[in-house]
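Visitor: I should like a close look at a single part of this structure, namely the packing of one helix against another. Please set out the geometry and the contacts, and then place that part within the chain.

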Amino acid sequence: MGEPPLMTDSELFEALRALANPTRLRLLSWLREPERHFALEGAIADPVEVGVCVTHIQAKVGLAQSTVSAYLAELQRAGLVRATRVGKWTHYKRDEQRIAQFVATLGLTL
């Protein structure tokens with residue numbers, strides 16, 4: 001399949017800025033193994049296929065829902081997570097292809 005295409009400088013800077021916050025970095029890390037890191041009782045969608053509901057993420061991180069939503073929106077703008085609506089709930093999942101692109105770009109940049 002080959003190497004992922006490289007990010008532009010502005011895309012790389014946006015991803016680095018998103019990951020510069022320890023809580024956003026932790027959220028991205030937890031989303032790597034959602035079934036291990038989140039209490040998913042009552043989940044209405046598959047956390048691996050669709051993602052983890054903001055409610056479950058907020059319960060784990062212990063911050064206000066608005067703060068958690070802002071952190072996830074920043075990760076989404078950087079392309080590191082994808083959001084999917086299921087009913088009235090938003091679920092977040094890592095974008096593994098984009099993360100691989102980020103890692104490849106960072107490796108060549110440094």
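Guide: Helix 2 passes helix 4 in a right-handed crossing. The model is a predicted one, and the geometry described here is computed from it. Helix 2 covers residues 22–30 and helix 4 covers residues 54–61. Their axes come within 12 Å of each other and cross at roughly 120°. That angle makes helix 2 oblique to helix 4, because angles of 65 to 115 degrees count as roughly perpendicular, those over 145 as roughly antiparallel, and the value here belongs to neither range.

The contact itself can be described residue by residue. On the side of helix 2, the participants are Thr23, Leu27 and Trp30. On the side of helix 4, they meet Ile57, Lys60 and Val61. By class, the residues of this contact divide into four nonpolar, one polar and one charged.

The surroundings of the pair follow from the order of elements. The chain comprises six helices and three strands, and along the sequence these are arranged as α-α-α-β-α-α-β-β-α. Strand 1 consists of residues 52–53, while helix 4 begins at residue 54.

Strand 1 belongs to an open sheet of three strands, with the order 1-3-2 and antiparallel pairing. Strand 1 and strand 2, the latter formed by residues 81–86, are the edge strands, each of which pairs on one side only. Strand 3, residues 89–94, pairs with strand 2 in the antiparallel sense over six bridges. Two of the residue pairs may be named: arginine 82 has lysine 93 in strand 3 as its bridge partner, and arginine 85 has threonine 90 in strand 3. Strand 2 and strand 3 form a hairpin with two residues between the strands, where glycine 87 takes a positive phi near 65°.

Finally, the overall dimensions give the scale of the setting. The C-alpha trace of the chain spans about 40 × 30 × 25 Å along its principal axes. A compact globule of 110 residues would have a radius of gyration near 13 Å, and the 14 Å of the chain agrees with that. To return to the part requested, the crossing of helix 2 with helix 4 is right-handed, and one charged residue is included among those of the contact.

Notes: Residues numbered from 1 in each chain as written. Predicted model: local features only at pLDDT ≥ 70, side-chain atom pairs only at ≥ 80, totals over all residues. Heavy atoms only, no water. Axes fitted to C-alpha atoms, helices over the stretch in contact; angles between N-to-C directions. Helix = DSSP H or I, 4+ residues; strand = E, 2+ residues; numbered from the N terminus. Parallel < 35°, antiparallel > 145°, perpendicular 65-115°, else oblique. Left-handed = near helix turned anticlockwise from the far one by under 90°. Contact = heavy atoms within 4.5 Å. Nonpolar A, V, L, I, M, F, W, Y, C, P; charged D, E, K, R; others polar. Pairing = 2+ DSSP bridges. Rg over C-alpha atoms; globule rule 2.2 N^0.38 Å.
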